[in-house]
Amino acid sequence: MGQIKLVTRYQKLAAQEKNAYVSRHKIFSKIPSAEVVQHASRASGIPEAIMGASFVAIATQIEELLLNGHSIELSGLGTMRMSVSCKAVENYDDVSSTNVHTRRILFTPCVALKSKMNMVNIKLQCIMKILVMFIYINT
């Protein structure tokens with residue numbers, strides 16, 4: 001099973017106007033698709049060139065389907081879909097595509113992936129952020 005590292009820092013919480021310890025998962029690096037293809041090729045025994053061509057074809061189809069409003073199930077991972085947020089208007093005549101202010105692609109993990117996430121080992125790494133305070137004394 002995998003492992004996630006948490007990094008804890010002492011920082012100011014602006015919304016609450018106080019300092020507290022905040023933990024977040026450490027993001028390592030973004031894995032390029034070429035490296036994913038290499039891993040998949042080794043794991044499956046499919047030649048890298050064929051795996052790469054298949055990966056490009058699948059990515060192209062996912063993009064096209066998403067941009068045409070489809071929801072896409074990725075077996076064992078979850079579902080991707082497009083989402084938009086629109087400004088509310090009072091009159092039907094004011095409804096138009098210009099009211100769209102946010103476009104997103106949402107990913108919803110499947111139950112199996114969520115269950116696996118709950119079994120991932122979490123390792124804590126504490127980084128103390130030193131707070132330096134300057135005190136001015138009027139004399």
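Val 36, Met 51, Ser 54, Phe 55, Ile 58, Ala 59 and Ile 62 line the largest pocket. The model is a predicted one. The volume of this pocket is about 190 Å³. Helix H2 (residues 48–67) gives the largest share of the lining, six residues. Sorted by class, the lining holds six nonpolar residues, one polar residue and no charged residues.

**Overall make-up**

The chain contains three helices and six strands. Read from the N terminus, the order of elements is β-β-α-α-β-β-β-α-β. The chain has 139 residues, and 12% of them count as buried. About 11,900 Å² of the chain is exposed, and carbon and sulfur atoms supply 58% of that area. Take the contacts between residues at least 6 apart in sequence: 40% of these join residues at least 24 apart.

**Strand pairing**

Three strand pairs are set out below.

| Strand pair | Sense | Bridges | A facing pair |
|---|---|---|---|
| E1 (residues 3–13) and E2 (residues 18–25) | antiparallel | eight bridges | Tyr 10 and Tyr 21 |
| E3 (residues 72–74) and E4 (residues 78–86) | antiparallel | three bridges | Leu 74 and Gly 78 |
| E4 (residues 78–86) and E5 (residues 100–109) | antiparallel | nine bridges | Met 80 and Phe 107 |

E4 pairs with E3 and also with E5. Two hairpins deserve a closer look. E1 and E2 form a hairpin with four residues between the strands. In that turn, Glu 17 has a positive phi of about 50°. The hairpin of E3 and E4 has three residues between its strands. There, Gly 76 takes a positive phi near 80°.

**Around the end of E4**

Cys 86 belongs to strand E4. Is Cys 86 buried, partly exposed or exposed? Its relative accessibility is 45%, so Cys 86 counts as partly exposed. The cut-offs behind this are 20% and 50%, with partly exposed in between. Beyond its neighbours within four places in sequence, Cys 86 is in contact with Asn 99, Val 100 and His 101. Thr 102 lies 16 residues from Cys 86 in sequence, and their C-alpha atoms are 7.1 Å apart.

Asn 99 sits in the loop between E4 and E5. Why does Asn 99 count as buried? Its relative accessible area is 9%, and buried means under 20%. Setting aside neighbours within four places in sequence, the contacts of Asn 99 are Ser 85, Cys 86, Lys 87, Val 89 and Asp 94. Cys 86 and Asn 99 thus appear in each other's contact lists.

**Ala 40 and the pocket lining**

Which helix holds Ala 40? Ala 40 is placed in helix H1 (residues 33–44). Ala 40 has a relative accessible area of 27%, so this residue is partly exposed. The C-alpha atoms of Ala 40 and Phe 55 are separated by 9.9 Å. Along the chain, the two residues are 15 apart. Phe 55 is one of the residues that line the largest pocket.

Note on methods. Residues are numbered from 1 along each chain as its sequence is written. This is a predicted model: local features need pLDDT of at least 70, side-chain atom pairs count only at pLDDT 80 or more; totals for chains, interfaces and linings use all residues. Side-chain values use heavy atoms; hydrogens and water are left out. On a 1 Å grid over the protein atoms alone, a cavity is a set of points where a 1.4 Å probe fits but cannot get out, and a pocket is an open set with protein on both sides within 12 Å along at least five of seven lines; lining residues have an atom within 4 Å of a point. Grid points are joined across faces, edges and corners, and a volume is the space filled by probe spheres set on the points. Ala, Val, Leu, Ile, Met, Phe, Trp, Tyr, Cys and Pro count as nonpolar, Asp, Glu, Lys and Arg as charged, and the others, Gly among them, as polar. Two strands pair if DSSP finds at least two bridges between them. Buried means under 20% relative accessible area, exposed over 50%, partly exposed in between (1.4 Å probe, protein chains only). Contact means heavy atoms within 4.5 Å. Accessible areas come from the Shrake-Rupley method with a 1.4 Å probe; for residues, only the protein chains shown count as cover.
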